[in-house]
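Please brief me on one sheet of this protein and the elements around it.

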Amino acid sequence: MLGALLLGIFVSVLVVQAYINAEFTADHKETEVGDQAGVPLSIRGGGPIVNTTGGQETTSRLPARTIALTFDDGPDPIWTPKVLQVLKENDAHGTFFVVGSQVARHPELTKTIVDDGNELGLHTFTHPNMQLLAPWRRRLELSQNQVAIARATGVHTNLARFPYSSKTEAIDETNWKIVKEAGAAGYLIVVNDLDSEDWQRPGVDQIVHNALPAGDTSAIILFHDAGGDRAQTVAALAKFIPMMKARGYRFTTVTEGLNLGIAEQAADIKAGRGPESASVIPALPLNPAAAAGDEWRGAALIWTVRLADGLVYLVAGLFLMVGLLTIARTVLLLALAGRHARQRRRPDWRWGPPITDPVSVIVPAYNEKEGIEAAVRSLAGGDYPTIEVVVVDDGSTDGTADIVEGLRLPNVRVVRVPNGGKPNALNTGVALARHDLIVTVDGDTIFEEDSIRRLVQPFGDPTVGAVAGNVKVGNRGSLVATWQHIEYVIGFNLDRRLYETLNCMPTVPGAIGAFRREALAKVGGVSDDTLAEDTDVTMALCREGYRVVYEEHAKAWTEAPTTLEQLYRQRYRWSYGTMQAMWKHRGAVFDKGPSGRFGRVGLPFLALFGVALPMLAPVVDIMLVYGLVFWELKETLIAWLGMLALQLFTAAVAFRFDREPLKPLWRLPLQQFAYRQLMYLVLIQSATTALTGGRLRWHKLNRAGLTARPDTPPPPPAPAGAAVAPQVHGWPPAPSEVPAPRQQARGRAVAPPTTPAVPSQAHREDQAHREDYDLPHAGSPPR
């Protein structure tokens, strides 16, 4: 709900931003002059000031030898001050037809225009073609500009000029209707006598020439103080004003010039030179005070514009940051992961002397009847010399333990414990294991025949404390599972090459990992402080100075979620648990030695590329949608396709490293529009849960089970009458049932095997409902 609310607010602000930036391109189509039959001839041949207020239909000109300089499209923070400076130096004033959105952005500059004795007029709020707008939108364009001016300057204006207008001769029936609408609202419409055409930047002399009135006639002249480089305009004004003053011209604002004409008309009538029926028109006020209500509405409008601008600047900055981080991550991946791959391909590469020490495989299992048989057979039938498989049944209610016992495999034994969570089951299995090399496996995972042998070979290096294997998606039939296959190859296995090179591996996956017993004992076993127990214990090992490495040839096939709901639950737990583990080990940032190295390199790297970058990644899609709707379609598509090409290249490299066929990558573009958005929601919800201190339950996924791989021969069953591996029945076990471990594992969730176990808090709370695996909590939120 919070994510939906934030998204709604964000989209609304972006729409406001698009509106105030006039990004609705359909509004800006220039139109040809249409039918003029309905426009009075007195208007089409009249002066540049059109008055339709109070039902009138008249026009006015300025008195002879009078020039009103008018400036459109501002205020502009660069060019408007320079124009004002030229006017001040030449003791001249002008009329600035301002765009409301620019007024909202530069209220102080707008007030400076008025304080210098100049006049303001409306040039709409977003500079659209008024002919293409609905009546309500036309009224809004004028009223919003008016209240923005009121807030910025405290004044009101009676003048308006429409974008794309020119002279009275060009007024057609459509424009005439709009002019009369504005007149009904009390506005005088101001067009121009002369267009300097400075917007074309034809050169200073040409601009001056275009602005010259014929003979001693008056003129309202069009210039621009915004919309691009106006250096020629400033230079032309500095030349034009002194030249025209030398010819006897005076410079006024539009209202001052109109009032001069009214005064001359009144003098003519008084002297009997005018028509007897003529009446004296009252003079118009220059920059009259605005209504208090308009100022308050203007304040709300200006703050809305500032909020929209600020948000877009923020998004643009985040977009730039995401781009830089993505490029940096890609470069690091290609450089360091490539170095890792080249190193492993060398003919002389060895971890050390071959490892043949016996191995204990721990399989924590809760309600895994669908896949436990195939998993256990693949583990027990490996080509490694001595394999002990310990299946820890974590209070299953579906007969998981019975299935394993029914296999009667000589090197497999079952331990039954009350439901206490996965960390408790792992620690129990480690405590009861006979050997010092420990392999941990999920109950839905199938190993290849050589996986265990390859997985433990890195222990030939005495500095290695744990090994991460290569997790593969075994059920790739559905689209959702295929997307996860792509993610596993790119996001997990390629990243692990990078992390090993940096010596800051954050996670040994629960599906396939190997540990030295002494290393686990040193960090206190597998903790249940977090929902990501595999990440938690790996970080603890890194802080203790052990190397954690990646063995790409040790492959495990796991069953990935096949529905979006199941996937969401799994990734929610993963991301939340990772954040918990990072918070738990935050002290490493200030540590020295190996722990300090992990804190200086591993945690910042994971925070930057594992949390921050994925959480910021939505701005790429937001900018894509925004660009497709409001910006240039071609440039937007080129930018997005460039990002996609970079991802495809990275994916191709990762698939080549893993010797995977490239065919699934054709689904990658579609993944950008569905799968990635789901991961955004996961991260947002995980971060919200972490920040609010919420507790997350462990969500048990629905399993269909994987079949054993054809290259994994089943182990032979135990001979008739022969005893299978010892089993532990009941809890706590009798001392005679428990083999003495070489070293006792430590962990808050497990008591020594010779004493009664202490169930976890979650078990005590939910023992009555242990058939629902969603209920037990695996840890507390970060503190």
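This briefing covers the sheet order, a central strand and its neighbours.

The model is predicted: local features need pLDDT of at least 70, side-chain atom pairs count only at pLDDT 80 or more, and totals for chains, interfaces and linings use all residues. Residues are numbered from 1 along each chain as its sequence is written, and side-chain values use heavy atoms, leaving out hydrogens and water.

**Sheet**
- Eight strands form an open sheet with mixed pairing, in the order β13-β12-β11-β14-β17-β16-β18-β15.
- At its edges lie β13 (412-417) and β15 (446-447), each paired on one side only.
- Strands (E, at least two residues) and helices (H or I, at least four) are DSSP runs, numbered from the N terminus; two strands pair if DSSP finds at least two bridges between them.

**Strand β11**
- All 7 of the 7 residues of β11 are buried (under 20% relative accessible area, 1.4 Å probe, protein chains only), so the strand is largely enclosed by the rest of the structure.
- In a regular strand, side chains alternate between the two faces of the sheet.
- One side of β11 carries Val359, Val361, Val363 and Ala365, the other Ser360, Ile362 and Pro364, all buried.

**Parallel neighbours**
- β11 runs parallel to β12 through 7 bridges, with Ala365 partnered by Asp393.
- β11 also runs parallel to β14 (residues 437-440) through 4 bridges, where Ser360 stands opposite Ile438.
- β12 (residues 387-394) and β13 are parallel and joined by 6 bridges; Val392 has Val415 as its bridge partner.

**Helix**
- β11, helix α12 (residues 372-380) and β12 make a right-handed β-α-β unit: with the strands pointing away from the viewer, the path from the first strand over the helix to the second runs clockwise.

Note on methods
Buried < 20%, exposed > 50% of the residue type's maximum accessible area, 1.4 Å probe, protein only.
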